[in-house]
Amino acid sequence: MSVFPATAAAKAKGRGATAAGSRPRPRKNQRAAYLFIAPLGIGFAVFYFWPLLQTFAFSFTEFGAFGGHTFIGGDNYARVIKDVTVWQALGNTLIYSAIGLTALPIAIVVASLLNRRGLRGVALYRALYFVPFVTLPVAVGLVWNWLYNGDYGLLNEVLGRLGVDRNHWVSDPSTAVYAIGAVMVWSTTGYYLIIFMAGIKGIPRDYHEAAELDGAGALRRFFTITLPLLSPTLFFASIICMINSLQTFDLIYIMMAEKNPAIGDTQSIVGLFYKWAFIENAQGAAAALAFLLMLLIAALTFLQFRLQKRWVHYG
């Protein structure tokens, strides 16, 4: 019981008023947090959200040869839907995405092997796998063009000694997409390897020791312990891999010359966007194509988030 009843009643009344309707003022740490995230928010609004709105607006316009644009409604979207090259480029892009996803199981297996006890030179192996990812796509494309060369390429020389016929890998429409996809996997595996190695190190070793005492072999421990506990990392990597594969352009642009007979069979959605926007001066149609690609990426990402509840295990 309070010695000062009036004071106690006033405090209780104040607490009741605050709980009833008055909103507490923002604390100083909340204002500091807003100040810290303000540069990122401003950068996102200026460099991402505003260009997105502009692209959407431009997709309903037609640009003149000397600048300026006029509103034409949904004609650009109709052109995108009816154009056969769009569907061919979409098919190629989906093939690149499917091939690019194969880098994930390769990276998981290599990461598991590099996380073995007593293995020496792990840092060197990790660096060697990561070097292709930080190498410029121009250099990667030029080197692999030489390796794939149908006349004097190293790949044909090796296969020829094994009795396999020579092939023009990036000039043959039946193999060009897969040849470029293989380079994509080679250049990105190191990036996912670093991610999976960090994820595997986060798995308590007690689980493996207990399973080993129960008689579980290395393969059994991998599928029953490592892979389920690595599923959140795998989910993150699969989203990044899918988004990057759907936006692939630079490697294809470097490896495919303008007069290459297989250029139409390897063109991606972003490559077609570049062609329309900067070569054919069809910026409105290119904007519509880019906006539809963004919607496709958003839809596939949303689908992955819905499906992850069935196979991702947290904790």
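# Helix packing and exposure, by the definitions

The UniProt record (unreviewed entry) places the feature "domain: ABC transmembrane type-1" at residues 89-304. The model discussed here is predicted.

Q: What makes up residues 89-304, helix or strand?
A: Over residues 89-304 the chain is 76% helix and 0% strand. The end C-alpha atoms of this span are 23 Å apart.

Q: Which residues does UniProt annotate as "transmembrane region"?
A: The unreviewed entry lists residues 32-50, 94-115, 127-147, 176-200, 221-246 and 282-303. In the model, residues 32-50 are 100% helix and 0% strand, with end C-alpha atoms 26 Å apart. Residues 221-246 are 96% helix and 0% strand, and their end C-alpha atoms lie 34 Å apart.

Q: Why is helix 6 called oblique to helix 9?
A: The axes of helix 6 (residues 122-134) and helix 9 (residues 176-201) cross at roughly 135° and come within 5 Å. Roughly perpendicular runs from 65 to 115 degrees, and roughly antiparallel needs over 145. The angle of roughly 135° fits neither class, so helix 6 is oblique to helix 9. The crossing of helix 6 past helix 9 is left-handed.

Q: Which residues make the contact of helix 6 with helix 9?
A: Helix 6 supplies Val 122, Arg 126, Tyr 129, Phe 130, Pro 132 and Phe 133. Helix 9 supplies Trp 186, Ser 187, Thr 188, Gly 190, Tyr 191, Leu 193, Ile 194 and Met 197. By class, 10 are nonpolar, three polar and one charged. Arg counts as charged, while Ser, Thr and Gly count as polar.

Q: What makes helix 7 roughly parallel to helix 8?
A: Helix 7 (residues 137-148) and helix 8 (residues 154-161) pack at an angle of about 30°, with their axes 4 Å apart. The cut-off for roughly parallel is under 35 degrees. The pair therefore counts as roughly parallel. Trp 146, Leu 147 and Tyr 148 of helix 7 meet Leu 154, Leu 155 and Asn 156 of helix 8. The contact has five nonpolar residues, one polar and no charged.

Q: Why are helix 3 and helix 16 called roughly perpendicular?
A: Their axes cross at roughly 70° and come within 8 Å. The class takes angles from 65 to 115 degrees. Helix 3 and helix 16 are therefore roughly perpendicular to each other. Helix 3 passes helix 16 in a right-handed crossing.

Q: Which residues of helix 3 and helix 16 make the contact?
A: Asn 76, Tyr 77, Arg 79 and Val 80 come from helix 3. Gly 284, Ala 285, Ala 288, Leu 289, Phe 291 and Leu 292 come from helix 16. These residues divide into seven nonpolar, two polar and one charged.

Q: How do you know whether Asn 76 is buried or exposed?
A: Asn 76 has 8% relative accessibility. Buried means under 20%, so Asn 76 counts as buried. Asn 76 is found in helix 3. Leaving out residues up to four places away in sequence, Asn 76 touches Phe 58, Ser 59, Phe 60, Thr 61, Gly 284, Ala 285 and Ala 288.

Q: Which residues of helix 15 are buried, and which helices do they pack against?
A: The buried residues of helix 15 are Ile 269, Val 270, Gly 271, Leu 272, Trp 276 and Ala 277. They pack against helix 3 (75-82), helix 4 (84-101), helix 12 (231-246) and helix 16.

Q: What is the phi of Asn 281, which follows helix 15?
A: Phi of Asn 281 is near 55°, a positive value in a residue other than glycine. Asn 281 lies in the loop between helix 15 (269-279) and helix 16.

Q: Why is Asn 281 called partly exposed?
A: Its relative accessible area is 35%. Buried means under 20% and exposed over 50%. The value for Asn 281 meets neither cut-off, so Asn 281 is partly exposed.

Q: Why does Phe 305 count as partly exposed?
A: Phe 305 has 43% relative accessibility. Partly exposed covers the range between the 20% and 50% cut-offs, so Phe 305 belongs there. Phe 305 is found in helix 16 (residues 283-311). Neighbours within four places in sequence aside, Phe 305 is in contact with Phe 235 and Ile 239.

Q: How far apart are Phe 305 and Ser 268 in sequence and in space?
A: They are 37 residues apart in sequence. From C-alpha to C-alpha, Phe 305 and Ser 268 are 25 Å apart.

Key. Residues numbered from 1 in each chain as written. Predicted model: local features only at pLDDT ≥ 70, side-chain atom pairs only at ≥ 80, totals over all residues. Heavy atoms only, no water. Axes fitted to C-alpha atoms, helices over the stretch in contact; angles between N-to-C directions. Helix = DSSP H or I, 4+ residues; strand = E, 2+ residues; numbered from the N terminus. Left-handed = near helix turned anticlockwise from the far one by under 90°. Contact = heavy atoms within 4.5 Å. UniProt positions renumbered as here; feature names shortened; annotations may be inferred. Buried < 20%, exposed > 50% of the residue type's maximum accessible area, 1.4 Å probe, protein only.
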